[in-house]
Amino acid sequence: MAAMDLFGRRWALRILWELRAGPLGARALLARCEGLSSSVLYQRLRELTANGIIASSADGYELTRLGAALIHALQPLNEWAIAWAQAQEQNDRNPAEA
């Protein structure tokens with residue numbers, strides 16, 4: 001349950017998702033996560049670092065091996081979400097077919 005508590009916190013998964021391609025600094029993360037406050041960002045970064053999911057580096061924050069494994073595990077969920085969004089668009093265009 002601890003993992004669900006950590007990853008269920010607002011912005012936690014989004015921050016991890018933004019780090020999937022490589023390290024980013026705090027400013028870059030704020031720019032990519034519109035609506036995220038700096039105080040919440042730094043709180044999530046502390047939590048994710050303390051739990052070994054991300055690490056601070058000279059280039060900013062980056063995924064650890066554990067964090068990269070999590071992103072790998074989330075990829076099927078991302079693919080499902082894309083298919084779901086496409087289905088929703090289709091239903092919006094053709095409500096009689098829903």
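**Figure 1. Leu30 in helix H3.** Leu30 is found in helix H3, which covers residues 26-32 of this predicted model. With a relative accessibility of 27%, Leu30 counts as partly exposed, because values between 20% and 50% fall into that class. When neighbours within four places in sequence are left aside, the residues in contact with Leu30 are Leu36, Ser37, Ser38 and Leu41. One of these partners, Leu41, is eleven residues away from Leu30 along the chain, and the C-alpha atoms of the two residues are separated by 7.5 Å.

**Figure 2. The whole chain, shown for orientation.** The chain contains five helices and two strands. Followed along the sequence, these elements give the pattern α-α-α-α-β-β-α. The radius of gyration is 16 Å, whereas the globule rule gives 13 Å for 98 residues; the chain is therefore more spread out than a compact globule. The C-alpha trace spans about 55 × 25 × 25 Å along its principal axes. Of the 98 residues, 28% are buried. The exposed surface of the chain amounts to about 6600 Å², and carbon and sulfur atoms supply 54% of that area. Among contacts with a separation of 6 or more, 50% are made by residues 24 or more positions apart. The side chains include 10 positive and 10 negative ones, and the centres of these two sets lie 8 Å apart.

**Figure 3. Trp11 in the loop between helices H1 and H2.** Trp11 is found in the loop that lies between helix H1 (2-7) and helix H2 (12-18). Is this residue, Trp11, buried or exposed? Its relative accessibility is 16%, so Trp11 counts as buried, the limit for that class being under 20%. The backbone of Trp11 also deserves attention: its phi is positive, at about 80°, although the residue is not a glycine. Most residues other than glycine have a negative phi.

**Figure 4. Arg44 and Glu47, two buried residues of helix H4.** Arg44 lies in helix H4, and Glu47 has its place in the helix H4 as well, which comprises residues 38-50. At 12% relative accessibility, Arg44 counts as buried. Glu47 is likewise buried, with a relative accessible area of 13%. Which residues does Arg44 contact, leaving aside its neighbours within four places in sequence? The contacts of Arg44 are with Arg9, Arg10, Ala12 and Ile15. Under the same exclusion of sequence neighbours, Glu47 is in contact with Leu6 and Arg9. Arg9 thus appears in the contact list of Arg44 and in that of Glu47.

**Figure 5. Gln43 in helix H4 and its distance to Ala12.** Gln43 has its place in helix H4. Its relative accessibility is 31%, and Gln43 therefore counts as partly exposed. Along the chain, Gln43 and Ala12 are 31 residues apart, and a distance of 9.7 Å separates their C-alpha atoms. Ala12 is also one of the residues in contact with Arg44.

**Figure 6. Ser39 in helix H4 and its distance to Leu70.** The place of Ser39 is in helix H4. How far apart in space are Ser39 and Leu70, C-alpha to C-alpha? The distance between Ser39 and Leu70 is 24 Å, for a sequence separation of 31 residues. Ser39 is exposed, since its relative accessible area is 52% and the limit for that class is over 50%.

**Figure 7. The aromatic pair in helix H5.** The structure holds one aromatic pair. Trp80 and Trp84 form this pair, which is stacked, with 6.1 Å from centre to centre and 15° between the planes. The stacked label applies because planes under 30 degrees apart count as stacked. Both residues belong to helix H5 (residues 65-93); because Trp80 and Trp84 are four residues apart there, about one helical turn separates them. Trp80 counts as exposed, at 52% relative accessibility, whereas Trp84 is partly exposed, with a relative accessible area of 46%.

How values were computed:
Residues are numbered from 1 along each chain as its sequence is written. This is a predicted model: local features need pLDDT of at least 70, side-chain atom pairs count only at pLDDT 80 or more; totals for chains, interfaces and linings use all residues. Side-chain values use heavy atoms; hydrogens and water are left out. The radius of gyration is taken over C-alpha atoms; the globule rule is 2.2 Å times the number of residues to the power 0.38. Buried means under 20% relative accessible area, exposed over 50%, partly exposed in between (1.4 Å probe, protein chains only). Contact means heavy atoms within 4.5 Å. Accessible areas come from the Shrake-Rupley method with a 1.4 Å probe; for residues, only the protein chains shown count as cover. Lys and Arg count as positive and Asp and Glu as negative; His and the chain ends are not counted. The place of a charge is taken as NZ of Lys, CZ of Arg, CG of Asp or CD of Glu. Rings of Phe, Tyr and Trp (its six-membered ring) pair if their centres lie within 6.5 Å; planes under 30 degrees apart count as stacked, over 60 as edge-to-face and the rest as tilted.
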